Amino acid sequence: MRGRIILLGPPGAGKGTQAKWLVEKTGLLHLSTGDLLRDEVARGTELGRNAKAFMDRGDLVPDNVIVEMIQGRIADAKGFILDGFPRTVAQAEALARITSVDAVVYISLDREQVINRLTSRRVCRSCGRITNTLSDDSARGGTCRDCGGELYQRDDDRREVIENRFDVYADSTAPLISHYNEAGILHEVDGTRAPEAVLAEILAVVEAE
Ligand code: AMP
């Protein structure tokens with residue numbers, strides 16, 4: 001099994017959903033820098049207060065803050081699924097100094113698809129389930145299909161912020177596709193396919209010898 005995995009792709013490609021399912025299937029540790037940052041914001045820590053302005057605009061939090069936040073967690077883990085990290089070449093270089101990576105799964109989705117998905121995305125306050133108002137009837141009613149909890153829209157899932165997040169992705173994160181392709185560890189998956197089909201493809205990569 002490949003136990004040190006990066007999920008790469010634009011916002012809304014399904015990295016968070018896939019990471020949660022992969023954890024259930026593989027027992028690997030899920031490390032999402034976005035979730036860690038939102039937790040820092042919710043707890044009102046100094047890191048969270050500093051990061052919030054960047055996040056609200058859809059800009060990247062500075063590399064040194066991110067690397068410092070995550071490096072201990074990565075160094076201590078036997079295996080991991082990185083979701084939302086690295087997001088710049090500098091972060092990828094910092095990661096390479098901490099550990100090696102077995103596979104990078106690039107979940108592809110174009111700009112228009114990203115905007116459609118993120119404007120309709122909802123997250124459950126109780127169980128963290130990620131859903132959307134396009135395909136899920138109960139999401140339109142504001143209630144989680146799994147646990148009955150309240151669904152909310154992320155602060156940064158507003159149209160103008162989403163557009164900036166995509167542009168930031170295209171400028172700063174997309175170069176990682178060729179970076180990891182040149183390293184021979186990139187696997188591309190079509191993110192427009194049904195989430196279950198995407199999962200099956202990722203599992204095939206993770207479970208390969
Ligand atoms: P996400 O949940 O991955 O979409 O991340 C939400 C926001 O957190 C991003 O728009 C950035 O502002 C910030 N963020 C998350 N991960 C990183 C990262 N690796 N580098 C810089 N900023 C990040």
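Me: In this predicted model, how far does a polar side-chain atom of Thr33 lie from a nitrogen atom of the ligand?
Reply: In this predicted model, a nitrogen atom of the ligand has a polar atom from the side chain of Thr33 beside it. Thr33 is also listed among the closest of the 16 residues that surround the ligand. The separation of the two atoms is 2.8 Å.

Me: What share of the ligand's exposed area does the protein bury?
Reply: Polar atoms approach the ligand from other residues too, since a backbone atom of Gly84 is 2.9 Å from a ligand nitrogen atom, and an N or O atom in the side chain of Arg38 is 2.9 Å from a ligand oxygen atom. Taken alone, the ligand exposes 480 Å². Of that area, the protein buries 96%.

Me: Which helix gives the most residues to the shell around the ligand?
Reply: By class, the shell holds six nonpolar, four polar and six charged residues. The helix that gives the most to this shell spans residues 33-43 and supplies four residues. That element is helix 2.

Me: Is Arg154 buried or exposed?
Reply: Arg154 sits in the loop between strand 7 (151-152) and helix 8 (159-173). Its relative accessible area is 13%, and a residue counts as buried under 20%. Arg154 is therefore buried.

Me: Which residue has a side chain joined to that of Arg154 by a polar contact of 3.0 Å?
Reply: Leaving aside neighbours within four places in sequence, Arg154 is in contact with Arg38, Arg121, Val123 and Arg165. The polar contact of 3.0 Å, which runs from side chain to side chain, joins Arg154 to Asp156.

Note on methods
Residues numbered from 1 in each chain as written. Predicted model: local features only at pLDDT ≥ 70, side-chain atom pairs only at ≥ 80, totals over all residues. Heavy atoms only, no water. Near = heavy atom within 4 Å. Polar contact = N/O pair within 3.5 Å; in protein donor to acceptor, adjacent residues only side chain to side chain. Areas by Shrake-Rupley, 256 points an atom, 1.4 Å probe, with all protein chains shown as cover. Helix = DSSP H or I, 4+ residues; strand = E, 2+ residues; numbered from the N terminus. Nonpolar A, V, L, I, M, F, W, Y, C, P; charged D, E, K, R; others polar. Buried < 20%, exposed > 50% of the residue type's maximum accessible area, 1.4 Å probe, protein only. Contact = heavy atoms within 4.5 Å.
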